[in-house]
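The following exercises ask the reader to examine a structure step by step. Each task is followed by a worked solution.

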Amino acid sequence: MRTVLVTGLGGAGRSTVAAATALAGARSGARTLLLSADAIPGFPAETAPTRVNDTLSSVRIDSGEHFRGELLTLQDQLSGVLDLLGGNRMDGEELTELPGSTELALLHALRRAARGDWSRAGYDLLVVDLPPLREALAVLALPEQLRRYLRRLLPQERQAARALRPMLAQLAGVPMPAQWLYEAAARRDAELAEVQELIEDRATTLRLVAEPGPAAEDALRTARTGLALHGLRVDAVVANRVLPRHSSDPWFAALAAQQEKCLGHWREEWTAEAPSVLVPHLGRDPHGPDDLTGLDGTDGAPSLAPDTRGGGRADDPWWIEEAGAPDGPDGGDGILVWCLRLPGAVKKDLQLVRRGSELLLTVGTFHRIVPLESALRRCTVSGAALTDGVLRVRFTPDPGLWPRTG
C-alpha cells in the first residue's frame, strides 16, 4: 500500500490538500482511503470507512471516542486492583480526553489501516491528514520513542522466570513486576512496531503544504533538516492558494509577484528532493469534492495524484560506507563511515553523542536517538564531519570486540 502523509504550516489548508490528494489518487484508479481528524466539507463524518465515490472512502478520527475506549478497557484490566483499593469505577460519559489523546488516536488509526482492519480487499493508497508540521514530526517520531522507553523500562531479556518471582521478591525485599505488565508491554511494542513499519516503509512519503510567502519559506527551510533527521522523504511541496500571475490591480499583482519569488526559491532548494505542486486560489473556501477536483496541479506543474506504481523512498535514510578494508583490524584500518543526509544543516547547530549502542543526534531544535547496527557497536567513534549536506561519522573497529580472522 502506498502511503502519503500530508502536513504543513498552520492555516495553510493541509486538510483541503489531503482531501484533494485522495480524490486525485482515486481518479487515477487507486482504491483510496483518507484519514482525517478534521471535518472536511462534503465528506462523511463517520468514524468507520464510508464511501465518497466508487474508489474513495474516508474515516474521521475521533480522539475522544478512542480515549474513552482505551481508558475503559484499562479499567477492566485493573478491576481486581481497583476493587482491592476500594476505587470507584468511572463511566464513559464522565471521561473527557486528556492532552496527547489526539496523537495516540492517530497512531491507532494508522495501525488499523496498516493491518487492513477496515477492508478485506485492501487499499492501494492511504492518504493521512496529519496535524501541523511541528506536531506532525512529534507524532511520527512517537512510535520509535515509545518502543525505546518500553525496552529501557521493561527489558524482556531481564524478566525473571515466573516460578522465581516469589523468591526474588523475598530476596530483594521489593515486589517484582507482574507477568501481565510484561505481557502488556509486549503487546504495545508489537502495535507500535506496526505503525513504525508503516512510517518507515519505502512506499511512504510526506507531502508539505504551505502558502507561498517569506514566513513559509523560512519555516520549510528549517523543517527540511528535521524531516531528513527522522528519515522522512518529501514527495511534493504543495504551494496552496496560488494567485494568478497577471493582474491589473497593483496590490494584487504585488502579492502574486511575492508568491512567484518564493516559488522560485522552493524550486531551487527542493528540486533534487521533491517537485512543487501549485494549487490555485479559488477566491473562496472549497466546498465539497467538486471544488477539490478543480485544485489539481496548474500551469503544467505535477498533479496532486501520488504515484502508486511503486513510488516512495528510494534510498535508506542512512547508510554505511567502508573507508578501509572490510575484514576489520587485521585486514587494514577497517574504518566504517555511518552517513546521514541532513540538507540545510549547519555545523554549529549539530551535536553528536555516542552512548552505548545508540547515537544521540541533535540538529537545531530537532533531536533523535538512533540505534547502531551490530558492526558499529563493536567500534569506537573516531571522528565526524558535515560535508555537502551529509553527516559522516567515522567508526574504528575496537580490537577487543572485533572478531579476528586468519
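**Exercise 1. Determine which backbone oxygen lies 2.6 Å from a polar atom of the side chain of arginine 14, and describe the setting of arginine 14.**

Solution. The model examined here is predicted.

Step 1. The oxygen belongs to the backbone of leucine 130, and its distance from a polar atom of the arginine 14 side chain is 2.6 Å.

Step 2. Arginine 14 is located in helix α1.

Step 3. The relative accessible area of arginine 14 is 15%. Because buried means under 20%, arginine 14 is classed as buried.

Step 4. Neighbours within four places in sequence are set aside. Arginine 14 then has contacts with Val6, Thr7, Gly8, Asp38, Asp129, Leu130, Pro131, Pro132 and Val209. Leucine 130, the residue from Step 1, is thus also listed among the contacts of arginine 14.

**Exercise 2. Establish the order of the strands in the open sheet of 8 strands, and identify its edge strands.**

Solution.

Step 1. The order is β3-β4-β2-β5-β1-β6-β7-β8, and the pairing is mixed.

Step 2. The strands that pair on one side only are β3 (50-51) and β8 (276-280), which makes them the edge strands.

Step 3. At the β3 edge, the partner is strand β4 (residues 56-60), and the two pair in the antiparallel sense over 2 bridges. Within this pairing, arginine 51 has serine 57 of β4 as its bridge partner.

Step 4. Strands β4 and β2 run parallel and are joined by 5 bridges. Here leucine 34 is placed opposite serine 58 in β4.

Step 5. Strand β2 also pairs with strand β5 (residues 125-129), in the parallel sense and over 5 bridges. In this pairing, serine 36 is placed opposite aspartate 129 in β5. Aspartate 129 has already appeared among the contacts of arginine 14.

**Exercise 3. Decide why strand β2 (residues 32-36) is described as largely enclosed by the rest of the structure.**

Solution.

Step 1. Consider the directions in which the residues point. Thr32, Leu34 and Ser36 point one way from β2, whereas Leu33 and Leu35 point the other way.

Step 2. Consider burial. The residues pointing either way are all buried.

Step 3. Since 5 of the 5 residues of β2 are buried, the strand is largely enclosed by the rest of the structure.

**Exercise 4. State how many residues the largest nonpolar core has, and examine its contributors.**

Solution.

Step 1. The largest nonpolar core has 91 residues, and Leu35, Trp266 and Trp338 are those with the most contacts inside it.

Step 2. Helix α1 (residues 14-27) gives the most to this core, contributing 8 residues.

Step 3. Tryptophan 266 is taken as an example. Apart from residues up to four places away in sequence, its contacts include Ala210, Pro212, Leu220, Val237 and Ser276.

Step 4. Helix α9 (residues 250-270) lies across β6 (204-210), β7 (234-242) and β8, and runs at about 180 degrees to β7.

**Exercise 5. Find how many disulfides the structure holds, and classify cysteine 262 and cysteine 379 as buried or exposed.**

Solution.

Step 1. The number of disulfides is 0.

Step 2. Cysteine 262 has 2% relative accessibility and therefore counts as buried.

Step 3. Cysteine 379 has a relative accessible area of 4% and is likewise buried.

**Exercise 6. Compare the settings of arginine 241 and aspartate 388, each of which has a positive phi.**

Solution.

Step 1. Arginine 241 has a phi of about 60 degrees although it is not a glycine. The phi of aspartate 388, also not a glycine, is about 50 degrees.

Step 2. Arginine 241 is placed in strand β7, whereas aspartate 388 is in the loop between β14 (379-387) and β15 (390-397).

Step 3. Arginine 241 is partly exposed, with a relative accessible area of 24%. Aspartate 388 is exposed, with a relative accessible area of 77%.

**Exercise 7. Describe the chain as a whole: how many helices and strands are there, and what share of its residues counts as buried?**

Solution.

Step 1. The chain contains 11 helices and 15 strands.

Step 2. It has 406 residues, of which 42% count as buried.

Step 3. Of the contacts between residues at least 6 apart in sequence, 67% join residues at least 24 apart.

Conventions:
Residues are numbered from 1 along each chain as its sequence is written. This is a predicted model: local features need pLDDT of at least 70, side-chain atom pairs count only at pLDDT 80 or more; totals for chains, interfaces and linings use all residues. Side-chain values use heavy atoms; hydrogens and water are left out. A nonpolar core is a set of buried Ala, Val, Leu, Ile, Met, Phe, Trp, Tyr and Cys residues joined through side-chain atoms within 4.5 Å. Buried means under 20% relative accessible area, exposed over 50%, partly exposed in between (1.4 Å probe, protein chains only). Helices (H or I, at least four residues) and strands (E, at least two) are DSSP runs, numbered from the N terminus. Contact means heavy atoms within 4.5 Å. Two strands pair if DSSP finds at least two bridges between them. Axes are lines fitted to C-alpha atoms, for helices over the stretch in contact, and angles run from 0 to 180 degrees between N-to-C directions. A disulfide is a pair of cysteine sulfur atoms within 2.5 Å. A polar contact is a pair of N or O atoms within 3.5 Å; within protein, one must be able to donate a hydrogen and the other to accept it, and residues adjacent in sequence count only if both atoms are side-chain atoms.
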